Amino acid sequence: DLAAMSRFDLVVNATSASLTGELPPVPPNVFDPKGAAYELAYGKGLTPFLRLARNAGVLGIADGVGMLVEQAAEAFAWWRGIRPETRSVIDQLTVPFD
């Protein structure tokens with residue numbers, strides 16, 4: 001039972017709930033405001049999971065854009081022998097969460 005657990009430094013949403021705009025069954029008391037929340041999904045704006053984390057006071061939130069870009073860069077490097085710079089791509093794809 002997640003509601004009975006204490007707070008965690010890192011809470012990761014690896015479910016598909018955010019792909020359909022749903023909130024996974026995570027109670028807000030599992031988030032440590034000094035910790036981080038990571039969403040494997042990505043899109044424009046906050047997912048329901050990241051919104052829950054932000055409303056619980058978590059400032060360290062991130063979505064899966066960085067993971068997507070870094071995996072693509074590794075595949076490109078494997079096939080082409082050159083690893084592309086990723087920071088500018090991540091910056092262009094990332095929507096500020098403020």
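Leucine 23 touches Ala17, Pro48, Phe49 and Leu52, if we skip residues up to four places away in sequence. That is in a predicted model, as is everything else I will say today. Leucine 23 sits in the loop between S1 and strand S2, the latter covering residues 31–39. Its relative accessible area is 44%, so leucine 23 goes down as partly exposed. There is also a distance to note here: from leucine 23 to threonine 47 we have 8.2 Å, C-alpha to C-alpha, with the two positions 24 residues apart in sequence.

Some of those contacts belong to a helix. Helix H1 is residues 48–55, and Pro48, Phe49 and Leu52 are among the residues that leucine 23 touches.

Next, the sheet. It is open, made of 3 strands in the order S1-S2-S3, with parallel pairing. Which strands stand at the edges? They are S1 and strand S3, residues 60–62. Each has a single partner strand, so one side of S1 and one side of S3 are left without a neighbour in the sheet. From one strand to the next, the twist averages 15°.

On the pairing of S2 with S3: the two run parallel and are joined by 3 bridges. One residue pair to look at is alanine 36, whose bridge partner in S3 is glycine 60. Helix H1 packs on this sheet and touches S1, S2 and S3. The direction of H1 makes about 170° with that of S2.

Now a residue in S1. Asparagine 13 belongs to that strand, which spans residues 8–13. Is asparagine 13 buried or exposed? Its relative accessible area is 2%, and the cut-off for buried is under 20%, so asparagine 13 is buried. What is it in contact with, leaving aside neighbours within four places in sequence? The list is Ser18, Pro24, Tyr38, Glu39, Leu40 and Phe49. Of these, Phe49 also appears among the contacts of leucine 23.

Last topic, charges. How many salt bridges does a search of the whole structure find? It finds 3.

Take the side chains of glutamate 70 and arginine 83, which form a salt bridge at 2.4 Å, N to O. This pair links distant parts of the chain, with 13 residues separating the partners. Glutamate 70 is in helix H2, residues 65–80, while arginine 83 is in the loop between H2 and helix H3, residues 87–93. Both ends are partly exposed: glutamate 70 has a relative accessible area of 29%, and arginine 83 has 38%.

Arginine 83 has another partner. Its side chain meets that of glutamate 74 in a salt bridge at 2.6 Å, N to O. Glutamate 74 counts as partly exposed, at 45% relative accessibility. Taken together, Glu70, Glu74 and Arg83 are linked in a network of salt bridges.

The remaining case is in helix H3, where the side chains of aspartate 91 and arginine 87 meet in a salt bridge at 3.1 Å, N to O. Why are these two separated by about one helical turn? Because they lie 4 residues apart in helix H3. Aspartate 91 is partly exposed at 45% relative accessibility, and arginine 87 is partly exposed as well, with a relative accessible area of 48%.

That is the set I wanted to show.

Note on methods. Residues are numbered from 1 along each chain as its sequence is written. This is a predicted model: local features need pLDDT of at least 70, side-chain atom pairs count only at pLDDT 80 or more; totals for chains, interfaces and linings use all residues. Side-chain values use heavy atoms; hydrogens and water are left out. Buried means under 20% relative accessible area, exposed over 50%, partly exposed in between (1.4 Å probe, protein chains only). Contact means heavy atoms within 4.5 Å. A salt bridge is a side-chain nitrogen of Lys or Arg within 4 Å of a carboxyl oxygen of Asp or Glu. Two strands pair if DSSP finds at least two bridges between them. Axes are lines fitted to C-alpha atoms, for helices over the stretch in contact, and angles run from 0 to 180 degrees between N-to-C directions.
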